[in-house]
Amino acid sequence: MADPGNPVVLAQTTVDDEGTAYELGRAAVEARLAAGVHVEARMTSFYWWQGEVQHEREYRLTFKTVQDRVAALEAWVHGRHPYEVPQWIVLPVSAAAEAYLAWAQAETRGA
């Protein structure tokens, strides 16, 4: 049974290298900072950086974790991230299967 006091969240970042994306995803799961990580297919990003519009091919990582692991995951990701200012977005999971929520909570305990 899922613990409503420690909700599941999705945390996202992007990187410009497929190998880096895979390494970050696997290592976060091994460290139990995330129950799972999606590395999404390469996409195109446009954004402002240093006064100019930039264009980059990137990979989005979506970390499935719990609220009480977010700060540790953020520090861990930022310590390994190749960008000067990495994207870091945390989204609440407003509804999900009870078994899925319990799984995500169980897999992020005791790191």
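Modeller: Happy to chat! Let's call a residue buried under 20% relative accessible area, exposed over 50%, and partly exposed in between (1.4 Å probe, protein chains only). This is a predicted model, where local features need pLDDT of at least 70 and side-chain atom pairs count only at pLDDT 80 or more, while totals for chains, interfaces and linings use all residues. Residues are numbered from 1 along each chain as its sequence is written, and side-chain values use heavy atoms, leaving out hydrogens and water.

Biologist: Thanks! Which element gives the largest share of the largest nonpolar core?

Modeller: Such a core is a set of buried Ala, Val, Leu, Ile, Met, Phe, Trp, Tyr and Cys residues joined through side-chain atoms within 4.5 Å. This one has 17 residues, with W76 and F63 among those touching the most other members. Elements here are DSSP runs, numbered from the N terminus: helices (H or I, at least four residues) and strands (E, at least two). Giving 4 residues, the largest share, is α2.

Biologist: And how far apart are the closest N and O atoms of R32 and E107?

Modeller: R32 sits in the loop between α1 and β2, and E107 in helix α3, 75 residues apart. They form a salt bridge, that is, a side-chain nitrogen of Lys or Arg within 4 Å of a carboxyl oxygen of Asp or Glu. The closest N and O atoms are apart by 2.6 Å.

Biologist: Nice. Which residue forms a salt bridge with R60?

Modeller: R60 lies in strand β4, and its partner in the loop between β2 and β3, so the pair ties together parts 20 residues apart in sequence. The partner is partly exposed, at 30% relative accessible area. With an N to O distance of 3.1 Å, the residue that meets R60 is E40.
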